[in-house]
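Reader: Hi! Could you walk me through this one with me?

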Amino acid sequence: MNQGTVLRIEKISPNDGSGLRTVVFLKGCPLRCQWCSTPESQSVKPELYYKQAKCIHCGRCITNCPQHALSVSEDRRAVVRDRGRCIQCFRCAGVCLTEATGVYGKSMTVQEVMEEIRKETLFYFFSGGGVTLSGGDVLMQAEFAAEILRNCREECIDTTAELDMFGSYDNVRTVFEYLDSVHVDVKVMDSEIHKNWTGVGNETILENIRRASEEFPDKPMCVRVPLIPEISDTEENIRCTVEFCRKLPSCRELEFLPYHRLGSSTYEYLGRPYGLQELEPMSSEAAEKKLRMIDRTSLPFAVKV
């Protein structure tokens, strides 16, 4: 597939792989994690946002809407969108003077993505960096992702990806073929708890991780686990995750990510509620305390926060 939906491209990122990297975020994810920090990546289609603080109340969006889906709020401090009428034509975003209204995501070809990637090749060379595909879930656009990765490989650019590992194993294999390393997400080990908080069970995810680790043992795998209070930060879940990783031939690192609320404002921009607003963020120190029961010296992989 030569064309896909890209959320954004971040340049010179020190995260998500070795060295300085270009991170290509793809749109679309089958999971609905209630702590998701990038809700704008969940829908595979481009979608409107509205940032009230940037709005200067000029009325251009209202007068240019062909569906008459926009109006002024009762307190006259914001623009209100009738989602039943809105057809996502994005005309309002096109006439907004301050980018108070805009669009998350756009259609791009593989060639267009590669043009952006090539702009940073000097940084890859001197830092040992490369390209990271992220999401959303990369596997929802597996063929598009694989084409980008294949092009990077042909140009000797290091490749990695952040994968939720949900769905068809054929899609997993399609992407893995062109990766130098990989980060995979394990939200929580208990499938029922996983379903309650993400909308899907984890059986397919765990099986795909096992299969990929066995089929591609030479591709270093980092397993990432979000530490969500009272959900995945329990001693039982941490121990089960460690034992799961111990059986993965390619696992080189187990990384725990303390819960944060970065991105919670994006729910407001999308007109959606954030379900964990009352949950307090977790510090790195608190996360380290949760891991004290792990005997790191006995593990064949590194453990870090």
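Author: Happy to. One term to start with: contact means heavy atoms within 4.5 Å. Also keep in mind that this is a predicted model.

Reader: Thanks! With that in mind, what covers the buried residues of H9?
Author: The cover includes two helices, H8 (203–215) and H11 (284–290), along with strands E11 (221–227) and E12 (251–258).

Reader: And which residues in H9 are buried?
Author: Asn 237, Ile 238, Thr 241, Val 242, Phe 244 and Cys 245. They sit on the same side of H9, because the arc they cover around the axis is only 160 degrees.

Reader: How many residues does H9 have, and what does it reach from end to end?
Author: Helix H9 has twelve, residues 235–246, and its first and last C-alpha atoms are 17 Å apart. That is close to the 16 Å expected at 1.5 Å a residue.

Reader: Switching topic: what does UniProt list for residues 15–300?
Author: The UniProt record, an unreviewed entry, gives "domain: Radical SAM core" for that range. In the model, the span is 33% helix and 19% strand, and its end C-alpha atoms lie 23 Å apart.

Reader: Now Glu 40. Where is its place?
Author: Glu 40 is in the loop that runs between strand E2 (21–26) and strand E3 (47–50).

Reader: Buried or exposed? I mean Glu 40.
Author: Glu 40 is buried, at a relative accessible area of 5%.

Reader: Which side chain does Glu 40 join in a polar contact?
Author: That of Arg 8, with a polar contact of 3.1 Å between the two side chains. Leaving out residues up to four places away in sequence, Glu 40 also touches others, including Leu 7, Lys 27, Glu 47, Tyr 104, Thr 266 and Leu 270.

Reader: How about rings? How many aromatic pairs does a search of the whole structure find?
Author: Four. One of them is Tyr 49 with Tyr 104, a tilted pair at 4.6 Å centre to centre with 40 degrees between the planes. Tyr 49 lies in strand E3 and Tyr 104 in strand E6 (residues 101–104), so this pair ties together parts 55 residues apart in sequence. Tyr 49 is buried, with a relative accessible area of 12%, and Tyr 104 is buried at 12% as well.

Reader: Nice. Why is the pair of Phe 176 and Phe 216 tilted?
Author: Because their planes are at 35 degrees, with the ring centres 5.3 Å apart; tilted covers pairs that are neither under 30 degrees nor over 60. Phe 176 belongs to helix H6 (residues 169–176), and Phe 216 to the loop between H8 and E11. Phe 176 is buried at 1% relative accessible area, and Phe 216 is buried at 8%.

Key
Residues numbered from 1 in each chain as written. Predicted model: local features only at pLDDT ≥ 70, side-chain atom pairs only at ≥ 80, totals over all residues. Heavy atoms only, no water. UniProt positions renumbered as here; feature names shortened; annotations may be inferred. Helix = DSSP H or I, 4+ residues; strand = E, 2+ residues; numbered from the N terminus. Expected span 1.5 Å × (residues − 1). Buried < 20%, exposed > 50% of the residue type's maximum accessible area, 1.4 Å probe, protein only. Arc of directions from axis to C-beta. Polar contact = N/O pair within 3.5 Å; in protein donor to acceptor, adjacent residues only side chain to side chain. Phe/Tyr/Trp six-rings, centres within 6.5 Å; stacked < 30°, edge-to-face > 60°.
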